[in-house]
Amino acid sequence: MTGGGQVRRTTGGGTDTPYALAAYSHRHLLRLSPAAGDHPAAEELEADVRSWATGRGLSAPGDDGLARRRIGRLVGRCMPGAPVAVARLTARYLAWVFHFDDTVAEHADRLAVHRASDPPGILLSGRLPDGAPACAHLTSLVSVHEAIVAAGGTALLPLLADGLRRYVENCARETPWRATGTPPTLAEYLAQRVHTSGGHPMYLHLLAPGMPGDRDPQTGPPNAPLTAPLTGLAELAFLIGGLANDLLGHAAEQRRGDPVNAVTVLAHEYGLPVPEAYRAVVVLHAGHQHRFDAACAGLLADATLPAAQRRFVHAVMGWVAGSAAAVEPYWHQLLATEPTQGTG
């Protein structure tokens with residue numbers, strides 16, 4: 001690791017071990033986002049997403065990847081008031097993104113092969129291009145397309161495909177950083193982390209009744225559309241989630257020598273020892289959370305904000321509050337793999 005060297009690991013529970021730092025950020029994340037309530041159908045969502053992923057070849061029987069992430073539970077926390085069908089579809093697409101992230105995104109050769117088949121184009125059209133391999137990632141993306149269309153979300157496909165395009169392109173931008181072991185600048189990193197966090201499935205919220213762009217069959221005219229301030233709010237939510245994952249995932253990424261993490265980026269850019277950089281990222285995360293809270297408050301204080309847009313703001317707030325559950329699998333994995341490293 002550059003810009004401050006490796007954190008010294010001790011068995012005495014020192015405050016600067018990777019695992020003591022993780023405990024510190026875990027407490028911080030729980031303070032900012034106390035445990036959210038579950039969706040009433042949380043168990044059903046969890047069972048469905050595991051069954052779907054196994055049926056599509058994204059997860060083999062006995063594979064604990066999906067079980068560890070608890071994606072159905074996560075989506076239930078993020079969308080506690082969403083219709084079951086919308087939450088189910090979101091969980092399936094999020095499972096696709098997480099599996100792609102785990103098995104493809106950080107491997108330059110695999111990522112290049114998948115990019116050549118144009119995953120965003122497949123999500124948009126529902127068709128595999130000529131010559132594309134019939135791999136689980138691509139064929140299951142066709143299934144996601146079909147489910148979105150069946151749910152009446154054809155008009156939403158361009159937004160989701162653009163989110164997937166930005167995700168894949170920004171994953172590819174990380175390749176030279178990993179190849180050279182050199183972190184990007186902080187500005188570069190934060191700009192791409194918005195997209196590599198994989199948060200764009202949140203836009204499936206727009207399938208719920210009364211959301212921006214929804215057309216009431218009784219009245220005819222569509223609701224107020226999604227605006228730039230609302231997409232900016234969503235992207236800030238994605239960044240908050242990415243920084244939280246960086247904090248809890250840093251210990252494992254440091255072991256692998258992966259330079260693509262906010263802690264490593266800050267240490268490199270400012271010449272900080274890693275423990276100081278780690279604590280600085282905790283502050284950075286809190287700063288973005290407070291920016292988000294202020295932006296939500298400002299939007300909701302506007303008496304002229306249309307009801308549909310107001311619903312979307314509340315949906316994004318729920319996504320951020322619930323997404324704290326996404327870091328719990330990282331935390332429990334740390335406890336399981338390094339129980340004596342001062343995790344608290």
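Q: What percentage of the 344 residues of the protein chain count as buried?
A: This is a predicted model, so let's take the whole chain before any single residue. A residue counts as buried when its relative accessible area is under 20%. Of the 344 residues in the protein chain, the share that meets this is 50%.

Q: How many helices and how many strands does the protein chain have?
A: Secondary structure is a handy next stop. The count for the protein chain is 16 helices, and for strands it is zero.

Q: Which helix gives the most to the largest nonpolar core?
A: The largest nonpolar core holds 65 residues. Within this core, Tyr93, Phe292 and Phe312 have the most contacts. The top contribution is 13 residues, and it comes from helix 5 (residues 84–105).

Q: Which residues of the 316–320 stretch does Phe292 touch, leaving out residues up to four places away in sequence?
A: Phe292 is among the residues with the most contacts inside the largest nonpolar core. Its partners include Leu233, Leu236, Ala237 and Ile240. From the stretch asked about, Phe292 touches Val316, Met317 and Val320.

Q: Are helix 12 and helix 14 roughly parallel or roughly antiparallel?
A: Helix 12 (residues 228–256) packs with helix 14 (residues 274–300), their axes 10 Å apart. The angle between them is about 160°. Angles over 145 degrees count as roughly antiparallel, so helix 12 and helix 14 are roughly antiparallel.

Q: How many nonpolar residues are in the contact of helix 12 with helix 14?
A: Helix 12 passes helix 14 in a left-handed crossing. Sorted by class, their contact has one charged residue and five polar ones. The nonpolar count is 20.

Q: Is Val97 buried or exposed?
A: Val97 is found in helix 5. Its contacts, not counting residues up to four places away in sequence, are Tyr167, Gly198, His200 and Pro201. The relative accessible area of Val97 is 2% and the cut-off for buried is under 20%, so Val97 is buried.

Q: How far apart in space are Val97 and His200, C-alpha to C-alpha?
A: Val97 touches His200, although the two are 103 residues apart in sequence. From C-alpha to C-alpha, their separation in space is 9.4 Å.

Q: Which residue other than glycine has a positive phi near 60°?
A: Look in the loop between helix 6 (108–116) and helix 7 (119–125). The residue in question is partly exposed, with a relative accessible area of 40%. The residue with this phi is Asp118.

Key: Residues numbered from 1 in each chain as written. Predicted model: local features only at pLDDT ≥ 70, side-chain atom pairs only at ≥ 80, totals over all residues. Heavy atoms only, no water. Axes fitted to C-alpha atoms, helices over the stretch in contact; angles between N-to-C directions. Helix = DSSP H or I, 4+ residues; strand = E, 2+ residues; numbered from the N terminus. Parallel < 35°, antiparallel > 145°, perpendicular 65-115°, else oblique. Left-handed = near helix turned anticlockwise from the far one by under 90°. Nonpolar A, V, L, I, M, F, W, Y, C, P; charged D, E, K, R; others polar. Core = buried A, V, L, I, M, F, W, Y, C linked by side-chain atoms within 4.5 Å. Buried < 20%, exposed > 50% of the residue type's maximum accessible area, 1.4 Å probe, protein only. Contact = heavy atoms within 4.5 Å.
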